[in-house]
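Trainee: Got a few minutes to go through a model with me? I'd like to talk about how the pieces pack.
Mentor: Sure, put it up and ask away.

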Amino acid sequence: MKKALAFLLTILLLTVSLPGVAEEWEDAFSPTLEDQIIEMSACLRDAIVAKDAEDYKQEAIILQRITDHSTEVFPDEVTWAWSVLGDLYAEGLYHCHDEEDWRFEKTSLEMAVYCYEQARAIYWNRKDLENRKDKEYMYFQADIAFKLGKIYVSSAWKQKDYPKAFSCFLFASLLSKMEEQRIEAHYQLGLIYADEASDLYDLNKARNELYGAAHAGHEAACQKVKELNGNDAYEWALYYLWDNDYIAAAQILIPAAEQGDVRCMKQLGLLYQSGQMGERGALYGDSDFDQRKNLEQARYWFEKAAEAGDEEALEWLEGIGTEE
């Protein structure tokens, strides 16, 4: 209780006579520390979203003072302060001043990363906090991870750090509260997989991430899919199959298979064998098809692929005999 009171008095003293958001926060004074944090957070978040051109120096000073407090007593408040301070640096609302940041010798973007990493470290270094089942806490951490990922792959960053960016975007793609952020995270993961300069280069994984983002309406992901797939009928069929659109996939696979594309022959065989094409087949806009296996058609396409020299198709053809 004494520590909480001392912390509260420190914040009150810091806000006296400060302009801008700090003054608004003082006017909206609430008797509890949590309410004060919420009030100041709302004001600063509005400023960050609006990308206000003002330099929030005084507000940043308050945040820096909060970060000086014990994470043992105020883990959530200190984590929040580091995060918002990172936002101010990242959005250019608070700029590095040599006389203030001489301890770090970092650019504003580097300071943003430093702040975000500090916010994450509070929890990763304390098992009692890391194991919390608080959903809002996980959403908060996912948001920080997403922002870090964006910086690590930014052209403004000193050198793209793919491993760190990948870790951050993966965390955000799984746990972010915001759908738009999750979609963007999947898109960014796709770009990392698709970049030959990345140690994680894998076009199959890249397509999987990008397909999901593209089907969710992400325009840049759609463009990247077009760039990767080009005129490859097989890959476009997989794109539609990713979304379980068997009719669109069939419209691409059947003509390509008839023209000799072995991969399309095999894919058609698998679809017929699994029942996803049905006995009638998902042919050219015919939505009224059943979901029963068509082993005759599966055998036909596996035979065509085997005749073209595909050994895997020959193995699958032998497997059909065990199903009949």
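Trainee: Let's start with the crossing of α4 and α5: left-handed or right-handed?
Mentor: That crossing is left-handed. Keep in mind that we're looking at a predicted model.

Trainee: And what angle do α4 and α5 pack at?
Mentor: About 145°, with the axes 8 Å apart. In sequence terms, α4 covers residues 57-67 and α5 covers residues 75-90.

Trainee: Why quote an angle and a distance for packed helices?
Mentor: Because two packed helices are described by the angle between their axes and the distance between the axes.

Trainee: Fine. Which residues in α4 meet α5?
Mentor: From α4 you have Ala60, Leu63, Gln64, Ile66 and Thr67. On the α5 side, the residues include Val78, Trp80, Ala81, Trp82 and Tyr89. By class, that contact comes to 11 nonpolar, two polar and one charged residues.

Trainee: Zoom in on Thr67 for me. What does Thr67 touch?
Mentor: Leaving out residues up to four places away in sequence, Thr67 touches Val78, Ala81 and Trp82. The C-alpha atoms of Thr67 and Val78 are separated by 5.0 Å, and the two residues are 11 apart along the chain.

Trainee: Is Thr67 buried or exposed?
Mentor: Thr67 is buried, at a relative accessible area of 13%. The cut-off for buried is under 20%, so 13% qualifies.

Trainee: Switching to α12 and α13: how do they pack?
Mentor: Helix α12 (residues 203-215) and helix α13 (residues 219-229) pack at about 145°, and their axes are 8 Å apart. The crossing of α12 and α13 is left-handed.

Trainee: What classes of residue are in the contact of α12 with α13?
Mentor: Nine nonpolar, one polar and two charged. Arg207 and Tyr211 are among the α12 residues there, and they meet α13 residues including Lys224 and Val225.

Trainee: Let's do rings. How many aromatic pairs does the structure hold?
Mentor: It holds 10. One of them is Tyr89 with Tyr94, a tilted pair at 5.1 Å centre to centre with 55° between the planes.

Trainee: Are Tyr89 and Tyr94 buried or exposed?
Mentor: Tyr89 is buried at 2% relative accessibility, and Tyr94 is buried with a relative accessible area of 0%. Tyr152 and Trp157 give you an edge-to-face pair, 5.9 Å centre to centre and 75° between the planes. Tyr152 counts as buried at 2%, and Trp157 is buried too, at 10%.

Trainee: Which rings link into a cluster?
Mentor: Tyr211, Trp236, Tyr239 and Tyr240 are linked by ring pairs. You've met Tyr211 already, in the contact of α12 with α13.

Trainee: What sits over the ring of Phe171?
Mentor: The charged end of Arg120, 5.6 Å from the ring centre.

Trainee: Back to Trp157 for a second. How far is Thr107 from Trp157, by C-alpha atoms?
Mentor: They are separated by 10.0 Å, though 50 residues apart along the chain. Thr107 is in the loop between α6 (98-101) and α7 (108-124). Thr107 is partly exposed, with a relative accessible area of 43%.

Trainee: Now backbone oddities. What's up with phi of Asn244?
Mentor: Phi of Asn244 is near 60°, a positive value in a residue that isn't glycine. As background, most residues other than glycine have a negative phi.

Trainee: Where is Asn244?
Mentor: In the loop between α14 (233-242) and α15 (246-258). Asn244 counts as exposed at 52% relative accessibility.

Trainee: One more residue: where does Ala305 sit, and what does Ala305 touch?
Mentor: Ala305 is in helix α17 (residues 295-307). Not counting residues up to four places away in sequence, Ala305 touches Val262, Met265, Lys266, Asp310 and Ala313. Ala305 is buried, at 0% relative accessibility. C-alpha to C-alpha, Ala305 and Asp261 are 8.5 Å apart, with their places 44 residues apart in sequence.

Trainee: To wrap up, how many helices and strands does the protein chain have?
Mentor: The chain has 18 helices and zero strands. Buried residues make up 45% of its 324 residues. Among contacts between residues at least 6 apart in sequence, 53% join residues at least 24 apart.

Technical notes: Residues are numbered from 1 along each chain as its sequence is written. This is a predicted model: local features need pLDDT of at least 70, side-chain atom pairs count only at pLDDT 80 or more; totals for chains, interfaces and linings use all residues. Side-chain values use heavy atoms; hydrogens and water are left out. Rings of Phe, Tyr and Trp (its six-membered ring) pair if their centres lie within 6.5 Å; planes under 30 degrees apart count as stacked, over 60 as edge-to-face and the rest as tilted. Buried means under 20% relative accessible area, exposed over 50%, partly exposed in between (1.4 Å probe, protein chains only). A charge sits over a ring if NZ of Lys or CZ of Arg is within 6 Å of the ring centre and within 35 degrees of the ring normal. Helices (H or I, at least four residues) and strands (E, at least two) are DSSP runs, numbered from the N terminus. Axes are lines fitted to C-alpha atoms, for helices over the stretch in contact, and angles run from 0 to 180 degrees between N-to-C directions. A crossing is left-handed if the near helix is turned anticlockwise from the far one by less than a right angle, and right-handed if clockwise. Contact means heavy atoms within 4.5 Å. Ala, Val, Leu, Ile, Met, Phe, Trp, Tyr, Cys and Pro count as nonpolar, Asp, Glu, Lys and Arg as charged, and the others, Gly among them, as polar.
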